[in-house]
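Please look through the structure below with its interior and its open spaces in mind. The paragraphs that follow begin with one residue and its contacts and then turn outward to the pockets.

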Amino acid sequence: MLNARTVSISIDAHAEDVYRFVREPMNLAAWAKSFCLSVAYKNNEWFIETGDGAARVRFTEDNPYGVLDFYLKLATGEEMSHPLRVLENGGRSEVVATLFRRPEVSEEDFLLDGSLLLDDLRRLKETVEQIEG
């Protein structure tokens, strides 16, 4: 079993609006800057440019439950899952993300990744609240 860290943030916007914003792959570059430098749509697939090169990105199917898990398929063929949820919270929303520590990742790097994930969620909050503002 992999070690995991879950982080969350409250966003002053309806959960459905947050869900729709996050679900749009083109928006990744606006808030997920820790790993997404740019986004492109090619041959009916979404790709992002990361610090380690190109990766294919796909989300779970559209659903009414706020599940926004996404998967990155790296050039090596490895696919990494990124669980993400948007929960209704009294007319606002709570975004919850889980980070799994892969075996090759040091404890120090895992802690850094958790900090970067929280930065991304803060950026998501700022971006969505400005749009909704």
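**From one residue to the pockets**

Once neighbours within four places in sequence are left aside, Ile-48 is in contact with Leu-28, Phe-35, Cys-36, Ser-38, Val-39, Gly-53, Ala-54, Ala-55, Val-57 and Leu-72, where contact means heavy atoms within 4.5 Å. The model is a predicted one, in which local features need pLDDT of at least 70 and side-chain atom pairs count only at pLDDT 80 or more, while totals for chains, interfaces and linings use all residues. Residues are numbered from 1 along each chain as its sequence is written, and side-chain values use heavy atoms, with hydrogens and water left out.

Ile-48 also appears in the largest nonpolar core, which has 33 residues and in which Leu-28, Ile-48, Val-95 and Leu-124 touch the most other members. Such a core is a set of buried Ala, Val, Leu, Ile, Met, Phe, Trp, Tyr and Cys residues joined through side-chain atoms within 4.5 Å; buried means under 20% relative accessible area, exposed over 50%, and partly exposed in between, with a 1.4 Å probe and protein chains only. At least two residues of this core come from each of strand S1 (4-11), H1, helix H2 (28-31), S4, S5, S7, S8 and H3, the helices (H or I, at least four residues) and strands (E, at least two) being DSSP runs numbered from the N terminus.

Helix H3 also holds Asp-113, which counts as partly exposed because its relative accessibility is 32%. Beyond its neighbours within four places in sequence, Asp-113 is in contact with Leu-99 and Val-105. Asp-113 and Phe-100 lie 13 residues apart in sequence and 9.7 Å apart in space, C-alpha to C-alpha.

The largest pocket is lined by 34 residues, of which Phe-35, Leu-72, Met-80, His-82 and Arg-102 lie nearest its centre. On a 1 Å grid over the protein atoms alone, a pocket is an open set of points where a 1.4 Å probe fits, with protein on both sides within 12 Å along at least five of seven lines, and lining residues have an atom within 4 Å of a point. Strand S4 (53-59), strand S5 (70-74), strand S6 (79-82), strand S8 (92-100) and helix H3 (107-132) each supply at least two residues of the lining of the largest pocket, and H3 gives the largest share, five residues.

The second largest pocket has among its lining residues Ala-15, Tyr-19, Asp-62 and Glu-88. Helix H1 (15-23) and strand S7 (84-89) are the elements that give two or more residues to this lining, and H1 gives the most, with four residues.
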